[in-house]
Amino acid sequence: MDLACFIHEPKSPLSYAFDAETLHIRVKTKKDDLKSVTVLAMDPFNWKPVSRDSHVYEFAVDMMQRVEMKKEYVTRYHDCWFAELTGFNWRRIKYGFVLDDGEATCFAGCQRVTPLVREWAPPKDYTNYYNYPYILEEDLYEAPEWVKETVWYQIFPDRFNRSSSSAPSDRILEWGSDQLDGNGKIFGGNLQGVTEKLDYIQGLGCTGIYFTPIFDSPSSHKYDTKDYFNIDPVFGDNEILGKLVEEAHKRGIRVMLDAVFNHCGYEHPFWQDVLKQGRNSPYYDYFYILDGDKEIIPDTELAAREGYYFGEHLNYRTFAYTEMMPKWNTGNPEAREYLISAAIYWTERYNIDGWRLDVANEVSHDFWRVFRTKLKSIRSDIYILGENWLYSNPWLQGDQFDAVMNYEFTWPVTRFFGTRMPQEEQYSAEDFRYAINQLLVSYPKHVALNMFNLLDSHDTARILHLCGDNPELVKLTYVFLLTYGGSPSIYYGGEVGVGGDEHHNRQCMPWNPEEQNQNLYETVRRLISLRREHPQFKEIDLEWLSAAGHEETLIYKKASAGKALYVLLHNAAVTEAVALPEQLRNRKLIDLYNNQELETGKEITLLPYSFLLLAES
């Protein structure tokens, strides 16, 4: 028994309150090392007198509850075990683990591991039990109920649709005339243009729109905010946004805006005042000035020096080393109040449903706690989404974000299905399963149900590009996205075959049907429709089933309400007869995608890059 591989941490994704009456417990052990893991659990104040008339009390271990853990998932190095402690009417819990490898048994507590005899009894040393102090309702993680039912459509406004009523301008380029990204390239997509395409978004089946920034800014991407309280004139005005939100809500579509509170643009009037007045500016402490005795401008001569180090020419903090994006000091009370007031303004006046928070992990936890409290007091069901690219549980404790953009989902998918990633490791099916399993145990189950899952975005190469411009391969990625629990997102145009690497990923949406892949569109639309109809698609847990001898074929099971969904993804360029796992042999099932009955045998023939969605009738 390799005890060095035993992992558990209280008040974490390995020990968390699922609701007011339920505690979820997980442990990790060395892969294939243990036969069983048992949780011992009891109220920490369950003590009894050592004898009938004694005033001396002892920990009542004879009343200890024993809960067998199930092996939930297997990662590359660990078996991950799970137990749900509920129905005991406890709010505080002492617990520990009995580990059994078939030859030896031991008790794993918070202080040490102790051996147990074969006919063991719970250890009496209460100091060696983990403790979950108290389940308090105000500490519970809660996200809006609507989020896990939502399929998002991400829009980069300048490139989605230009209204036919838009006035011509010398500044605006011909629609689709240049596919290379550029901060100064303006194609004239606007909010009225989005309003005119709401029926298209509804027809696809999406029930949420995530806009990249729409506030007044000099660039096309708008992440260099000049005015947080006004819509960029190229996009329209505040009232046009209000009408867009109203029309979206009529169609059952939520609207989420992008808040850039880590930094602002160089043209923001507060920053301009600092540049002019230096220490005399009332906004001086709104930013991080590193040396106020120097002129607060980039030292271009220093930047041109041989051996120059990134950022060395700056005497103020910025986003990355982007001199045009000075970083807000969100610890300054006035700066904090100003930024949060902008989010309050749009939420109250225009009924915004959610906020995506740019560079969220570089802003203090303290700021986000205040942000959440104020926004949730206005709308308890507002969705707060952080742009965090890696492990984010510290932000997902119920006091800051409801979810993050789940790039930890994106990377395994693109590494397994992708064929054009020269700088990234290609995943085998085994690698992919391990990575997805690791993700599934990295977050509490109710947090995972609200994560913003995506294949691509304005910050990545398009999924079509990553899949070698093969739309059949792209379909497999959408099948996995839309049969995975969470809140999936489609980057505008991906559904009709818009491609491009990371420098061509913000192309103008092609509205000419002849320029669209209608077959891909129908596949995505059908998958969204099936997700809406079948709750199994949205369940967070899955069970991997074997496709013996066919490593490139994934088979997994999703279960809900007593019914199962079986997903088969054939990530291979050849037709193959694939042996089915026992659960799928010799059965009558419903082929959901084609809406027909299918009888299985011991194997099934799968065409190149094909998929099946099989449900119990």
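Buried means under 20% relative accessible area. Keep that cut-off in mind for this predicted model.

## A barrel of parallel strands

Start with the barrel. Its 8 strands close up in the order β13-β14-β17-β18-β19-β20-β21-β22, and their pairing is parallel. On average, neighbouring strands of this sheet are turned by 25 degrees against each other, direction ignored.

Look at one pair in the ring. Strand β13 covers residues 152-155, strand β22 covers residues 487-491, and 3 bridges join these parallel strands. W152 has S489 in β22 as its bridge partner.

A helix lies over this part of the barrel. Helix α12 (residues 471-482) lies across β21 (452-454) and β22. The helix runs at about 150 degrees to β22.

## An open antiparallel sheet

Now turn to a second sheet. Here 6 strands form an open sheet in the order β23-β24-β25-β30-β27-β28, with antiparallel pairing. Strands β23 (543-545) and β28 (596-599) stand at the edges. Each has a single partner strand, so one side of each is left without a neighbour in the sheet. Neighbouring strands of this sheet are turned by 35 degrees against each other on average, direction ignored.

Two helices deserve a look here. Helix α9 (residues 429-440) packs on the sheet and touches β23 and β24. Its direction makes about 165 degrees with that of β23. Helix α12 packs on the sheet too, touching β23, β24, β25 and β30. The direction of α12 makes about 155 degrees with that of β25. So α12 touches strands of the open sheet and lies across two barrel strands, β21 and β22.

How many of the 8 residues of strand β25 are buried? The count is 7, so the strand (residues 563-570) is largely enclosed by the rest of the structure.

Strand β25 has a partner in β24 (residues 553-560), and the two pair in the antiparallel sense over 8 bridges. L554 stands opposite L569 in β25. The hairpin of β24 and β25 has 2 residues between the strands. There A561 takes a positive phi near 55 degrees.

Strand β25 also pairs with β30 (residues 611-615), in the antiparallel sense over 5 bridges. In that pairing, Y566 stands opposite L614 in β30.

## Positive phi in two loops

Most residues other than glycine have a negative phi. Two asparagines in loops are worth finding. N89 is not a glycine, yet it has a positive phi of about 60 degrees. N89 lies in the loop between β8 (78-86) and β9 (93-100). N586 is also a residue other than glycine, and its phi is near 55 degrees, a positive value. N586 is found in the loop between β26 (576-579) and β27 (588-591).

Are these asparagines buried or exposed? N89 counts as exposed at 72% relative accessibility. N586 counts as exposed at 58%.

## Accessibility at a glance

The table puts these two beside some buried residues.

| Residue | Relative accessibility | Class |
|---|---|---|
| R26 | 2% | buried |
| C206 | 2% | buried |
| Y491 | 0% | buried |
| Y492 | 0% | buried |
| N89 | 72% | exposed |
| N586 | 58% | exposed |

## A buried arginine

R26 is found in strand β2 (residues 22-30). What does its side chain reach? It reaches the backbone oxygen of Y443 at 3.0 Å.

## Aromatic pairs

The structure holds 57 aromatic pairs. One of them joins W271 and Y316. The pair is tilted, with 4.8 Å centre to centre and 55 degrees between the planes. W271 lies in helix α4 (residues 269-277), while Y316 lies in the loop between α5 (300-303) and α6 (333-350). The pair therefore ties together parts that are 45 residues apart in sequence. Both W271 and Y316 are buried.

The rings of Y491 and Y492 have their centres 4.9 Å apart. Their planes stand at 85 degrees, so this pair is edge-to-face.

## Cysteines without partners

A disulfide needs two cysteine sulfur atoms within 2.5 Å. By this rule the count comes to 0 disulfides. C5 is in no disulfide, and the nearest cysteine sulfur, that of C80, is 12 Å away. Why does C206 form no bond with C467? The C467 sulfur is the closest cysteine sulfur to that of C206, but at 19 Å it is too far for a bond.

Conventions:
Residues are numbered from 1 along each chain as its sequence is written. This is a predicted model: local features need pLDDT of at least 70, side-chain atom pairs count only at pLDDT 80 or more; totals for chains, interfaces and linings use all residues. Side-chain values use heavy atoms; hydrogens and water are left out. Buried means under 20% relative accessible area, exposed over 50%, partly exposed in between (1.4 Å probe, protein chains only). Helices (H or I, at least four residues) and strands (E, at least two) are DSSP runs, numbered from the N terminus. Two strands pair if DSSP finds at least two bridges between them. A polar contact is a pair of N or O atoms within 3.5 Å; within protein, one must be able to donate a hydrogen and the other to accept it, and residues adjacent in sequence count only if both atoms are side-chain atoms. Axes are lines fitted to C-alpha atoms, for helices over the stretch in contact, and angles run from 0 to 180 degrees between N-to-C directions. Contact means heavy atoms within 4.5 Å. Rings of Phe, Tyr and Trp (its six-membered ring) pair if their centres lie within 6.5 Å; planes under 30 degrees apart count as stacked, over 60 as edge-to-face and the rest as tilted.
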